[in-house]
Amino acid sequence: MSLDEDTRWLEWVTRQFETIAGEDKEIDLEEFKTALKVKESFFAERFFALFDSDGSSSISLDELLKALDLLIHGSETDKLRFLFQVYDVDGSGSIDPDELRTVLKSCLRESAISLPEEKLDDLTLALFESADKDHSGSITFEELKAELESFPEVMENLTISAANWLKPPDLEEKKRHPPRYLTPAYWHNNSRKLLFLCGYACLNVLLFAVAAWRHASGGPWFMLAKGCGQCLNFNCTFVVVLMLRRCLTWLRATWVVRVLPLDQNILLHQIVGYAILVFTVVHTFAHVMNFARMSHSHNTYRLWEYLLTTRPGIGWVAGLASISGVILQLLVCLMVLCSCTFVRRSGHFEIFYWSHLSYIWVWVLLVLHCANFWKWFVVPGFAFLLEKVVGSAISHMNGLYIVEVNLLPSKVTHLVIKRPQFFHFKPGDYVYINIPAIAKYEWHPFTISSAPEQQDTLWLHIRSMGQWTNRLYEYFRQADTPAASTKRLTMNMTNGQHRRKVQELFHSMACSDTVASNRDDAIELTSYRPSVVPQAPHSSAVECMGHAELGESPHLREVSAKLGDSHKFCNIKCYVDGPYGTPTRQIFTSEHAVLIGAGIGITPFASILQSIMYRYRMRKQNCPNYSYSWCENIKDNEMKLRKVDFIWINRDQKSFEWFVSLLTKLEMDQADKEPEGRFLEMHMYMTSALSKNDMKAIGLQMALDLLAKKEKKDSITGLRTRTQPGRPDWGKVFQKVAEEKKGKVHVFFCGSPALGKLIKAHCERFGFSFCKENF
């Protein structure tokens, strides 16, 4: 911090202290904890003890400012000594293993990381062995200083971490930047969308002007009403065109995708929807004003008769123009209101779903309301009807069956569906699914998380965020009880088949060295998704087990028990409509793809990563004389990728369990070193964990780094890729991507809209193409 910032910061601290301290001008431990806002009281107590220089069990303003002045203006040695004193709980002048274990345990709680006691012991031992240079059984200040100096990023941020916990969030003045919509990068990256919107706006202006000019004799209000009415004729049909999913999926495979913004059809659909609302309101208001003028000048009918009766005979079908117009206005307002984000993303998707189905009544009323609307609607309406009929026929031609269900952490339901023989899709595509046992008439869209190369089954990962998804999860969770299981779940295997299936899962996990190094690790993986675990050949499995009788194996009984808890075999009828294409189809035509998934936003990338690595393996060459392999740098029609960076951001530790076994398999596919570096790089972030520049996490992050190097796997996820604490620094992330120079960079994102806007702004800064998957 600069001198001026230090001064303002200390002024802010003084004001905060006076507010908390009250009349006695001192704060006790509880008040200090409230001010510090820490989850674990250990650090609050240690900071309080060090700030309380006179040992009075309270801190005065002078004591606080003196301590903070040391942390800000003190030398590097002073700041390191403060950290040492935090760790030296008993004040003996050295840190013993028990003290270090206590500190690391508190760090884990602060970062919301849950690890078994054995792992905590491993972390303590790793850090202690590394820091205790003279093997004396304790860590001195000089040894801790030497250990910290081997972590440059810790030393660089120590000053910030020591004082930042009391820093006001808006201390630094925000720099004024021009709106990103006015930057050249934004216009370059969004040229197709902007040109399309310009053309759309010009067409509406032209339609309005022509209609208003033709009805100039009716007066200004009548001209306004007719101009908006003509625009409504166009928009109420164009909004249908933007949702012809099968046609758009087909067009994405043609040259049209390079001219029109097909990948942003949902955004354009929303824009047209808002345009319809505006035109409808103005159209209705103009007609009301015109009717008011007519009721005063002609005295034939009153205003309410013009609006709510058929007596004036306005309209080409039994004078229904006014009544149908009022109903249309209400329906349009209802549809737009129920389409808002606060409705769709607040667990009430069904409200959006059912209200949107009123488009059928809107079209019927529009035909009755306007004499010319059917001429605009006949072609798009026929195409829409044809899509619906074809989709319904295909989805109901032969019903599919959910054959396996996995209940994953954070209420995620993993469905394994028997794949139809002629069901072809691309990575990242989505389907609409209907499960009559959950809701007979509801269809909901979800991304396919399995790869097209997986011939037998389809995977869907569905997070419980609304009424239907919660009912789905509860349906299978309650099936654990014997009564519910008999009533709701029909096992599609005999006991012998089920036993053989469990044996195969056990064989593959216990014998495949690409997943686990021993049986215990293999059995532990069954708590994730057995379907993801690569299957070892049955013959090698039997050889590995020495042809032992597995029926008496306690390991097998454990696997079977775990399968019963979260993994079920079933035979539930369902219907699938699709597949439909998404913007992520562009990935295979990219040179350097950056895939960013937030939370369950990894779902489309699960399919894509599997497909990418399948094609990668097909290109991989092995040297017959040496244990060496490499991947040919081939640019073919199937895949032009030279590099893939996959970034997954999760809030908590359990969310990583959704796809950990899949990511383990992808890591093992790249076990061989290659001249040009890794083709696929993974980056994991856990936002609830405190970052390395926080004093309350320095020791933990050092220990995690040391243990990861020692065991060659991350303690949080079990992957080789080290899980990074906190949120990504997107500036540094994209700077590193740009420096690799692997070709034109395309960033694909699936997650929350707020994070999408932030990433898009950074993409525009670096000149990267940005594509957001619908979420």
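In the predicted model, Arg101 counts as partly exposed, at 22% relative accessibility. The side chain of Arg101 meets that of Glu117 in a salt bridge, with an N to O distance of 2.4 Å. This pair links distant parts of the chain, since Arg101 belongs to helix α6 (residues 97–110) and Glu117 to helix α7 (residues 117–131), 16 residues apart. Glu117 likewise counts as partly exposed, its relative accessibility being 40%.

Helix α7 takes part in a further contact of this kind. Lys119 forms a salt bridge with Glu711, and the closest N and O atoms are 3.2 Å apart. Because Lys119 lies in helix α7 and Glu711 in helix α29 (residues 698–711), the pair ties together parts that are 592 residues apart in sequence. Lys119 counts as buried, at 15% relative accessibility, whereas Glu711 is partly exposed with a relative accessible area of 30%. The cut-off for burial is under 20%, so the value of 15% places Lys119 in the buried class, while 30% leaves Glu711 outside that class.

A salt bridge within a single helix is found in α21. Here the side chains of Glu474 and Arg477 meet with an N to O distance of 2.6 Å. The two residues are 3 positions apart in helix α21 and are therefore separated by about one helical turn. An α-helix has 3.6 residues a turn, so residues three or four places apart point the same way. Both partners are partly exposed: Glu474 has a relative accessible area of 21%, and Arg477 has one of 38%. Helix α21 (residues 467–477) also carries a set of buried residues, namely Trp468, Thr469, Leu472, Tyr473, Tyr475 and Phe476. These residues lie on the same side of α21, because they cover an arc of only 155° around the axis.

The count of salt bridges comes to 15. Some of them are joined into a network that links Lys643, Asp645, Glu681, Lys736 and Glu740. Two members of this network, Lys643 and Asp645, are buried on one side of strand β12, together with Ile647 and Ile649. The other side of β12 holds Val644, Phe646, Trp648 and Asn650, which are also buried, and both faces of the strand are thus covered. Since 8 of the 8 residues of β12 (residues 643–650) are buried, the strand is largely enclosed by the rest of the structure.

Strand β12 has parallel partners. It pairs with β9 in the parallel sense over 7 bridges, and Ile596 stands opposite Ile647 in β12. A further 7 bridges join β12 to strand β13 (residues 680–686), again in parallel, with Asn650 standing opposite Met686 in β13.

Strand β9 (residues 592–598) is also joined to β15, through 6 bridges, and these two strands run parallel. Ile596, which stands opposite Ile647 in β12, has Phe749 as its bridge partner in β15. Strand β15 in turn pairs with strand β16 (residues 769–772) in the parallel sense over 4 bridges, and the bridge partner of His746 in β16 is Ser769. From β15 the chain crosses through helix α31 (residues 753–766) to β16, and this β-α-β crossover is right-handed.

Strand β15 (residues 745–750) is mostly covered, with 6 of its 6 residues buried. In a regular strand the side chains alternate between the two faces of the sheet. In β15, Val745, Val747 and Phe749 are buried on one side, and His746, Phe748 and Cys750 are buried on the other. The loop between α30 (730–740) and β15 contains Lys742, which is buried with a relative accessible area of 16%. The C-alpha atoms of Lys742 and Leu641 are separated by 9.0 Å, although the residues are 101 apart along the chain.

A nonpolar patch occurs on the surface. It is formed by Phe382, Leu386, Val390, Ile394 and Met397, which together have about 510 Å² of accessible area. Leu386 lies in helix α20 (residues 373–397) and is partly exposed, with a relative accessible area of 45%.

How values were computed: Residues numbered from 1 in each chain as written. Predicted model: local features only at pLDDT ≥ 70, side-chain atom pairs only at ≥ 80, totals over all residues. Heavy atoms only, no water. Buried < 20%, exposed > 50% of the residue type's maximum accessible area, 1.4 Å probe, protein only. Pairing = 2+ DSSP bridges. Right-handed = clockwise from strand over helix to strand, strands pointing away. Arc of directions from axis to C-beta. Patch = residues over 30% accessible without salt bridge, like charges linked within 9 Å, V, L, I, M, F, W, Y side chains within 5 Å. Areas by Shrake-Rupley, 256 points an atom, 1.4 Å probe, with all protein chains shown as cover. Salt bridge = Lys/Arg side-chain N within 4 Å of Asp/Glu carboxyl O.
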